[in-house]
Amino acid sequence: MATSLANKQKLWYALQGDVVPRYERDSDGNIIYDEIDGERYPRQTGEYDTLYYPPVEFIGNISFELGWRYAHVYGITLGDADAILLMNLHELPIDETSLIWFQNEPTFTDVNELLPANSLYPANDLIPTGKLVDTASANFSVSRVLPSKRFVRYALKGLDR
Amino acid sequence: MVTSELLATLLEDLTAELKDDVGFSQDILQIKIEQAIRKVITARRYPASYSDDMKLADLETFYSVIRDVALYDYRQIGVEFEAQHTENGTSRTYIRPATMLKVLPIAQL
């Protein structure tokens, strides 16, 4: 460990899972199926949902100080970053698709519908209510990953909540 | 261990102080307290004639020194042996550890 424990704050991250299609439903909320060659297939709307793995709590050094010398790390402009998260190298598995929570815990949406089989719910089962993370509760997305020899800086972009 | 009672008291007191800190680990805190006790034992250079009870009674008088050294070491987790540390916009300067270990040896050859 080469970052100060005294500087760390509590956060959560969620890794992106599968992108799954939405199904068309009738007025009662039931999925509409089409029958092709004797097999029943749910009818897709053409829209997709991005699923995220359950958020994981961690501690890290987040800073909102975006002065010139921090914004131009390695000559790269961080652009419209709102915060910088500093971690030890290989400490977190997050990348540019991940979500970050800070100062508020992740919440979960009430889900009670059939989703296509995916890496989170491979059995194509009905997802139990309250199992799916509410991505709208996240504070940041990761806009850039900037590793150095011992550290990784993550440029975070604030999300509209 | 001769200092188990002192260790338990220090662990309880420092836990009460630090338990709400982000990332608090009582296991690591215990290691830091044990190390602080050992530092004082080394600095005191007890003569061979000192019994365990005498050592314990003597160490009790250094409660605040042991506490300070343990707390200092705990606060330096991640930045051990650094005199100052700058990280993501935060800069800290640390006092020299030797200034806390105000312990005179019992006997000096």
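## Gln103(A): an exposed loop residue

Gln103(A) has 9 C-beta neighbours inside 10 Å and therefore counts as exposed, since the exposed class covers residues with 12 or fewer such neighbours. Bear in mind that this is a predicted model. Along the chain, Gln103(A) sits in the loop that links E8 to strand E9 (108–109) of chain A.

The backbone here deserves a look too. Most residues other than glycine have a negative phi. Gln103(A), although not a glycine, has a positive phi of about 70 degrees.

## His90(A): a positive phi before E8

On the other side of E8 there is a loop that starts from strand E7 (83–88) and leads to strand E8 (99–102) of chain A, and His90(A) lies in it. His90(A) is again a residue other than glycine with a positive phi, in this case near 65 degrees.

Is His90(A) buried or exposed? Its count is 8 C-beta neighbours inside 10 Å, so His90(A) is classed as exposed.

## The chain around them

Stepping back to the whole of chain A, you will find twelve strands and one helix. In sequence order the elements run β-β-β-β-β-β-α-β-β-β-β-β-β, which puts the helix between six strands before and six strands after.

Chain A has 161 residues, and 24% of them are buried. What share of the contacts in chain A with a separation of 6 or more comes from residues 24 or more positions apart? That share is 69%.

How values were computed
Residues numbered from 1 in each chain as written. Chains lettered and ligands numbered in written order. Predicted model: local features only at pLDDT ≥ 70, side-chain atom pairs only at ≥ 80, totals over all residues. Helix = DSSP H or I, 4+ residues; strand = E, 2+ residues; numbered from the N terminus. Buried ≥ 20, exposed ≤ 12 C-beta atoms within 10 Å, placed from the backbone. Contact = placed C-beta atoms within 7 Å.
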